[in-house]
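Biologist: Could you bring up the model, so that we can go through it together?
Modeller: Of course, here it is.
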2 protein chains.
Amino acid sequence: MAKNKKTTIQDLANYANVSIGTIDRVLHNRGKVSHAKRKKVEEAIDKLDFNPNLLARTLALGRQFTVCSLFPEAVTTESYWSLPKIGVDQGVEGFRDFGMELYTYQYSLFDESSFVKNASAILDKNPSGVILAPLFEKESLEFITKLEERNIPYVFIDANIKNKKNLSYIGPDLKGSGYIAGKLLNSVLGPSDDILIVNMVKGFENSAHTAVVENGFRDYFKQNEPQTGRNINSITIPSTTEIEVNRELTTYYIKNPGTKGVFVSNSRAHIISRYHAFHRLELKVVGFDLVPGNVAELKNGNIDYIISQRPVFQGVTAVKVLFDFFVYKKSPNPIQYVPLDIIIKENVDYYINFQ
Amino acid sequence: MAKNKKTTIQDLANYANVSIGTIDRVLHNRGKVSHAKRKKVEEAIDKLDFNPNLLARTLALGRQFTVCSLFPEAVTTESYWSLPKIGVDQGVEGFRDFGMELYTYQYSLFDESSFVKNASAILDKNPSGVILAPLFEKESLEFITKLEERNIPYVFIDANIKNKKNLSYIGPDLKGSGYIAGKLLNSVLGPSDDILIVNMVKGFENSAHTAVVENGFRDYFKQNEPQTGRNINSITIPSTTEIEVNRELTTYYIKNPGTKGVFVSNSRAHIISRYHAFHRLELKVVGFDLVPGNVAELKNGNIDYIISQRPVFQGVTAVKVLFDFFVYKKSPNPIQYVPLDIIIKENVDYYINFQ
DNA sequence: TAAAAAAGTGTGTGCGCACACAAATATAAA
DNA sequence: TTTATATTTGTGTGCGCACACACTTTTTTA
């Protein structure tokens, strides 16, 4: 039903008729211990169900874990990238007394050199571990090479680069997220309604990820609605500003008035749904991420579904993975797909209010 | 960007030119301290940004937190009630070194006296806190009265009794969960398809909760589909066994062949969806909770939507709430509605596999 | 003005563990 | 047999804090 009072190394020492020094030796497998006493101590560990007190150990060791994170910059507090940062802050806060400290760095998606510069600053810090959102693939590869040279563990968050030596990838299954978006949009459309996929490329980041999402989306219709004559077109807007997005939408909708549903493969669905409302267009919209803009549009009905990839949780989990690796030498699951939450007007508040 | 090395009480003592004894006195506001030194120490606390090391404090205090949980019994490991138990186990495990220990108790939904017996056993343990799923309202009220007499804090999980002195309620917004179920079921039905609501009463537990869920469900249709001529009937089966459920379903479906959708207000949707598959009925099904039976039926398409109320998370959170109250004297939000996750075939694996 | 009481401050111990070092015992070499 | 050398085992210190207690200085009382 529960454990009795915790047993300490002193308890072990009493049981085995040795001093705590010997206990220490067998626990850490260092120094010399006679075979007989070693056996006896091992018996004590087993019989008394010894588990070292992590608090005491941490206090005694007094070591420090420095974690650096490198994400795209959050332009405003309403930006998507402020959320993973909140997550890592929160995660590290929980391990503060265990000696963990955090330095956050951010790079501009318009400027690869800012990535390089910050990556180099991180290397100068010689951290115990790194949390990286590798949106610039080439520069990220150079960075992790250097990390590996220095034996610094790193985890990817939000975006993945496959077959690397990252401790773990914590983020969405991109293809699956597109597939789910397909199912959701389809569920609110008529069988032959035309669909527009809107991709945006903010800066110079790798757009391969967006393509994977789009493929997942299209896969849904290929596999489930093969024979309908609907059009599914996609446009890629090389910006995320309202003005540019609006211009591209106008251009597209005038030429394609039959469009009934829109899938936005990033966190800017609210820009598009506001455009719809402004022009009294009754289009269905599915997008990603619970940023404030999307929440508002979800609530007033301009967005139908938001898929959330738990960005805060990603940050928290990344920190925890590093901690477990430092302290317990635990090797995590190399790919940890976060749950893809389906958010609608009716359940959005529960997600926002909790904690 | 980050905190410098953590400041200790010794650092404070050096800054304020006093001994750690005086620091201790102002920190805990005990004993006598001259005004001048108190000011100086407070300045030190502020300037050096002192935060006590919880690890050291815990170690020094050496106190013990005994937590008791009282839930309905999980008949098999596949039952719903095994999930909150997993949660509290997990939560307590994380606080083990902080002196927290857990005793779990369970009662039979067929036997109020088992509740009373276990409640009394808990009182004998004189725990620091209690986590309770108050499904027997009358007996729960008697229990919490005694807890209050003894000044033992308690939190409700999964089910709530309003206006009581529980530290917090952690669980679903029942009405909202029914409402969401309504939206989901409606989204896969034609506008005039008839609907069956299936409630089950396993034992002698309070069925008011089920009624709230049903009201939420009906509200959705009242508010959003007012003028359709569809029938929404409900039956309440006084059992959760397959045989009894099947008999009731047969009785109902023969009389109501127009039924196209079923809402199951508990975790037994899989029993009903299996019945449908067995009899080649193409009905849409919405139910609650990611128990293995529902997961399987979701995957093979017999269930369309499952709403999950994060039972494991409820357990973890309840433990955390108690811990924060014990250690930081934090009063939590009195009502913490958990997110209601919408689970479909396409995203169910992410929920199961993560961690 | 001396003794008693109160106010103010510092020191020592222990929580459970890691680690450096000292001590004791056993074995090998001289 | 004695000394040198491994091998084995025990002790002391500190991590940051809480708390008991001892000590010093001031104030009050007789």
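Biologist: How far is a polar side-chain atom of Arg57(B) from a phosphate oxygen of DNA strand D?
Modeller: The distance is 2.5 Å, which fits a polar contact, meaning a pair of N or O atoms within 3.5 Å. Please keep in mind that this is a predicted model, where local features need pLDDT of at least 70 and side-chain atom pairs count only at pLDDT 80 or more, while totals for chains, interfaces and linings use all residues. Residues are numbered from 1 along each chain as its sequence is written, chains are lettered from A and ligands numbered from 1 in the order in which they are written, and side-chain values use heavy atoms, with hydrogens and water left out.

Biologist: And which backbone atom lies 2.8 Å from a phosphate oxygen of that strand?
Modeller: That is a backbone N or O atom of Ser34(A), and a polar side-chain atom of His28(B) lies 3.0 Å from a phosphate oxygen of DNA strand D.

Biologist: Which residues come nearest to DNA strand D?
Modeller: Among the 24 residues around the strand, they are Ser19(A), Arg25(A), Ile9(B), Arg30(B) and Arg57(B), where a residue counts as near if one of its heavy atoms lies within 4 Å.

Biologist: New topic: is Ser177(A) buried or exposed?
Modeller: Ser177(A) is buried, because its relative accessibility is 2%; buried means under 20% relative accessible area, exposed over 50% and partly exposed in between, with a 1.4 Å probe and protein chains only.

Biologist: What does Ser177(A) touch?
Modeller: Leaving aside residues up to four places away in sequence, Ser177(A) touches Val213(A), Phe288(A), Ile307(A) and Leu340(A), with contact meaning heavy atoms within 4.5 Å.

How values were computed: A polar contact is a pair of N or O atoms within 3.5 Å; within protein, one must be able to donate a hydrogen and the other to accept it, and residues adjacent in sequence count only if both atoms are side-chain atoms.
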